[in-house]
Amino acid sequence: MQSSLIGKIQKAHLYAEEPDRIEIHEFSSEFRGDHGTYLVSYRSGRWTCTCSFFPQWGVCSHIMATQRVLGAVAPQDAAPTEPVGVS
């Protein structure tokens, strides 16, 4: 292995120790839930999910689980999404 690649690998390990270096602006994933597969996304400061629970409540277990898996780099202070029928 080339020494320059070894240096990059070592640097990556150091960077991973400092998650505050990372700021997510957009994120999209497929989430396999118990009752179907959903698209969980983060864009423009908002989380969204294609499950049937999300439109009414503006949050769901799929988003919360995704935030937990992403850990320290997950956007937590996103603007809440307005539930349907609420203004």
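Which residues does Ile63 touch, not counting residues up to four places away in sequence? In this predicted model, Ile63 touches Val40, Trp47, Thr48, Cys49 and Phe54 under that restriction. Ile63 is also one of the 11 residues of the largest nonpolar core, and the contact partners Val40, Trp47, Cys49 and Phe54 belong to that core as well.

The chain contains 3 helices and 3 strands, which follow one another along the sequence in the pattern α-β-β-β-α-α. Of the 87 residues in the chain, 25% are buried. The surface exposed by the chain amounts to about 6700 Å², of which carbon and sulfur atoms supply 54%. When contacts between residues at least 6 apart in sequence are considered, 36% of them join residues at least 24 apart.

The largest nonpolar core is made up of Ile24, Tyr38, Val40, Tyr42, Trp47, Cys49, Cys51, Phe54, Cys60, Ile63 and Val73. Strand 2, which spans 37–43, and strand 3, which spans 46–49, each supply at least two residues of this core, and the largest share, 3 residues, comes from strand 2. In soluble globular proteins, nonpolar side chains tend to be buried together.

Aromatic side chains form part of this picture, with 3 aromatic pairs in the structure. In one of these, the ring centres of Tyr42 and Trp47 lie 5.1 Å apart and the planes of the two rings meet at 50°, so the pair is classed as tilted. Both Tyr42 and Trp47 are buried, and both are members of the largest nonpolar core. Together with Phe27, Tyr42 and Trp47 form one aromatic cluster.

Strand 1, comprising residues 26–32, includes Ser29. The relative accessible area of Ser29 is 18%, and this residue is therefore buried, given that the category applies under 20%. Once neighbours within four places in sequence are left aside, Ser29 is in contact with Tyr38, Leu39 and Val40. Two of these partners, Tyr38 and Val40, are also listed in the largest nonpolar core.

Charged side chains contribute 2 salt bridges to the structure. Side chains of opposite charge can pair when their charged atoms come close. In one of the bridges, the side chains of Arg21 and Glu18 meet with an N to O distance of 3.4 Å; Glu18 counts as partly exposed, at 34% relative accessibility. The other bridge is formed by Arg43 and Glu26, whose closest N and O atoms are 3.8 Å apart. Because Arg43 lies in strand 2 and Glu26 in strand 1, this pair ties together parts that are 17 residues apart in sequence. The two partners fall into separate accessibility classes, Arg43 being partly exposed with a relative accessible area of 39% and Glu26 being exposed with a relative accessible area of 58%.

Arg43 is also a contact partner of His25, a residue that, leaving aside neighbours within four places in sequence, is in contact with Tyr42, Arg43 and Ser44. His25 is located in the loop between helix 1, which covers 3–16, and strand 1, and His25 is exposed, with a relative accessible area of 54%. Although His25 and Arg43 are 18 residues apart in sequence, their C-alpha atoms are 6.4 Å apart in space. Ser44, another of the His25 partners, is found in the loop between strand 2 and strand 3 and counts as exposed at 73% relative accessibility. The backbone of Ser44 has a positive phi of about 50°, although Ser44 is not a glycine. Most residues other than glycine have a negative phi.

Nonpolar side chains are also found on the surface, where Phe53, Trp57, Val59 and Met64 form a nonpolar patch with about 420 Å² of accessible area together. Within this patch, Phe53 lies in the loop between strand 3 and helix 2, the latter spanning 54–57. At 44% relative accessibility, Phe53 counts as partly exposed.

Methods. Residues are numbered from 1 along each chain as its sequence is written. This is a predicted model: local features need pLDDT of at least 70, side-chain atom pairs count only at pLDDT 80 or more; totals for chains, interfaces and linings use all residues. Side-chain values use heavy atoms; hydrogens and water are left out. Rings of Phe, Tyr and Trp (its six-membered ring) pair if their centres lie within 6.5 Å; planes under 30 degrees apart count as stacked, over 60 as edge-to-face and the rest as tilted. Buried means under 20% relative accessible area, exposed over 50%, partly exposed in between (1.4 Å probe, protein chains only). Helices (H or I, at least four residues) and strands (E, at least two) are DSSP runs, numbered from the N terminus. Contact means heavy atoms within 4.5 Å. A nonpolar core is a set of buried Ala, Val, Leu, Ile, Met, Phe, Trp, Tyr and Cys residues joined through side-chain atoms within 4.5 Å. Patches are made of residues with over 30% relative accessible area and no salt bridge: like charges are joined within 9 Å, nonpolar side chains (Val, Leu, Ile, Met, Phe, Trp, Tyr) within 5 Å. Accessible areas come from the Shrake-Rupley method with a 1.4 Å probe; for residues, only the protein chains shown count as cover. A salt bridge is a side-chain nitrogen of Lys or Arg within 4 Å of a carboxyl oxygen of Asp or Glu.
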